[in-house]
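Notebook open, model loaded. I want to sort out the strands before chasing any single residue.

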Amino acid sequence: MNFLRKLIVGATILGLCLSAIQVIPTTAQASQEVQDKKVKESKSKTDDQIINPMYALTETESNNSFGSADYMTVNDYMQASFTSGDVDYFYFYAPVTGSYTIYSIGQTDPYGVLFDGSQNFLWDDDDSGDNLNFSITYNLTKDNLYYIKVSHATGGTGSYGILISNP
Ligand SMILES: [Ca+2]
Ligand SMILES: [Ca+2]
Ligand SMILES: [Ca+2]
């Protein structure tokens, strides 16, 4: 083996070693990545919203009828809960005409009903959302009043939130 050839072989081996070092992460890096992934997986979006809502409203009991409904807007997150046999009413005005989605979040089992401003039934849903949450998509008219009636599907208790997506 002449000197030049030895040099080329040596350089190639060195290059392979360097690229191997770059490709294989250190044990510390690998365990940090696993850690990050675990944190990410354990914190769902739903939990974050319940713990840290940005513009949170909280229901005011007793809101058990159309007449005592709590006001909310499409930009706010309404935090509420069920005591046993509880029914919660909310009302809002549609800021623009279009298709809205009114949905619940959380780990309980809400059932939602949408009514127009004259308290006529429009739509209901139990479990079309994530987990056992309701999700109602409906065309609403600008400046019209709407009611949402929420109850626990099986009469249980627990916390939940309501959001209304802008069209
Ligand atoms: Ca309640
Ligand atoms: Ca209530
Ligand atoms: Ca449900």
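Started with the sheet: I find five strands in an open arrangement, ordered β1-β3-β10-β5-β8, with mixed pairing. At the edges sit β1 (56-58) and β8 (135-140), each pairing on one side only. From one strand to the next the twist averages 25 degrees. Note to self: this is a predicted model.

Next I looked at one pair inside that order. β5 (residues 98-105) and β10 (residues 158-165) run antiparallel, and I count five bridges between them. Looking across from Tyr-103, I land on Leu-163 in β10.

Then the hairpin. β6 (residues 110-116) and β7 (residues 121-125) are antiparallel too, joined by four bridges. I checked Gly-112 and got Asp-125 in β7 as its bridge partner. Four residues lie between the two strands, and in that turn Gln-119 has a positive phi of about 65 degrees.

Last stop, Phe-82, which I placed in strand β3 (residues 77-82). Is Phe-82 buried or exposed? I call Phe-82 buried because it has 20 C-beta neighbours inside 10 Å, and 20 is where the buried class begins. Leaving out residues up to four places away in sequence, I listed what Phe-82 touches: Thr-108, His-152, Gly-156, Thr-157 and Gly-158. I also took the C-alpha separation from Phe-82 to Asp-109, and got 9.9 Å for two residues 27 apart along the chain.

Key:
Residues numbered from 1 in each chain as written. Chains lettered and ligands numbered in written order. Predicted model: local features only at pLDDT ≥ 70, side-chain atom pairs only at ≥ 80, totals over all residues. Buried ≥ 20, exposed ≤ 12 C-beta atoms within 10 Å, placed from the backbone. Contact = placed C-beta atoms within 7 Å. Pairing = 2+ DSSP bridges. Axes fitted to C-alpha atoms, helices over the stretch in contact; angles between N-to-C directions.
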